[in-house]
Each structure stands twice: as C-alpha cells, then as structure tokens.
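Here are a few exercises to work through with the model open in your viewer. Try each task before you read its solution.

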Amino acid sequence: VHTIKPLDHATLVHHAAKSKKVVTVEDHSVVGGLGSAVCESLCESVPKKVQRIGLNDVFPESAPPVDLYAKYGLDADGIVRSILSEA
C-alpha cells in the first residue's frame, strides 16, 4: 500500500477475497494506522481476519532503526514470528 489516503479499496478487496488472512505491517502505532484503514475498508465487502503488526500503544525510544525494528518485532524475523504465532 503506497498511500493510506486514498486507500485502494478495489485492490484490497480483490486480494483479500483470494486470501485466508490479511496481514499489515507498519513502523508506528497500529491504532489509527494502515491496519485500521484496511479493517475499515474490508469489513463490509470481504470480512477477513486482519493481523495488524506494529507498535502496540508504546512510545519507543530513539535508536538506529535496525535496532528498534528488532526490539519491537518489526524486522523480518519478528514479522514471521508474529504471523506464525497467530496461525
């Protein structure tokens, strides 16, 4: 997704219809972000389980991005672990 607004509803519906689950990943709070927008977009057209991966109501400290991504599970390994833990 290259923009949240406007959100490409038609593309989301097209791909969600062919999927068992939708996963969003964002490097900021999951509240009011991409995951929320995807949930709102899909809820009436193609209800699916949506797993939102991002910061869960925390204020992160300053550090190099690679370190923060690892700490908050937003690196590749963390994303895979999150998805598999809800499989």
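**Exercise 1.** Find which residue of S2 stands opposite Thr-24, then work out how S1 and S2 run.

*Solution.* Start at Thr-24: its opposite number in S2 is Arg-52. Now widen the view: S1 (residues 21-29) and S2 run parallel and are joined by 6 bridges. Strands here are DSSP runs of E with at least two residues, helices are runs of H or I with at least four, and both are numbered from the N terminus. Two strands pair if DSSP finds at least two bridges between them.

A word on the input: this is a predicted model, where local features need pLDDT of at least 70, side-chain atom pairs count only at pLDDT 80 or more, and totals for chains, interfaces and linings use all residues. Residues are numbered from 1 along each chain as its sequence is written, and side-chain values use heavy atoms, with hydrogens and water left out.

**Exercise 2.** Decide whether Gln-51 is buried or exposed, and list what Gln-51 touches.

*Solution.* First, place the residue: Gln-51 sits in strand S2. Next, check accessibility: Gln-51 has 4% relative accessibility, so it counts as buried (under 20% relative accessible area is buried, over 50% exposed, in between partly exposed, with a 1.4 Å probe and protein chains only). The strand fits that picture: 5 of the 7 residues of S2 (residues 49-55) are buried, so S2 is largely enclosed by the rest of the structure. Last, contacts (heavy atoms within 4.5 Å): skipping residues up to four places away in sequence, Gln-51 touches Lys-21, Val-22, Val-23, Thr-24, Ser-82, Ile-83 and Glu-86.

**Exercise 3.** Follow that contact to Ser-82 and describe its surroundings.

*Solution.* Ser-82 belongs to helix H4 (residues 76-85). Its relative accessible area is 24%, so Ser-82 is partly exposed. Not counting residues up to four places away in sequence, Ser-82 touches Gln-51 and Ile-53.

**Exercise 4.** Which residues make up the largest nonpolar core, and which helix supplies the largest share?

*Solution.* The core takes buried Ala, Val, Leu, Ile, Met, Phe, Trp, Tyr and Cys residues joined through side-chain atoms within 4.5 Å. Collecting them gives 8 residues: Leu-12, Ala-16, Val-22, Leu-34, Val-38, Leu-42, Val-46 and Val-50. H1 and H2 each supply at least two of these, and H2 has the largest share, 3 residues. Finally, zoom in on Val-38: leaving aside neighbours within four places in sequence, Val-38 is in contact with Leu-7, Leu-12, Val-22, Thr-24 and Val-50.
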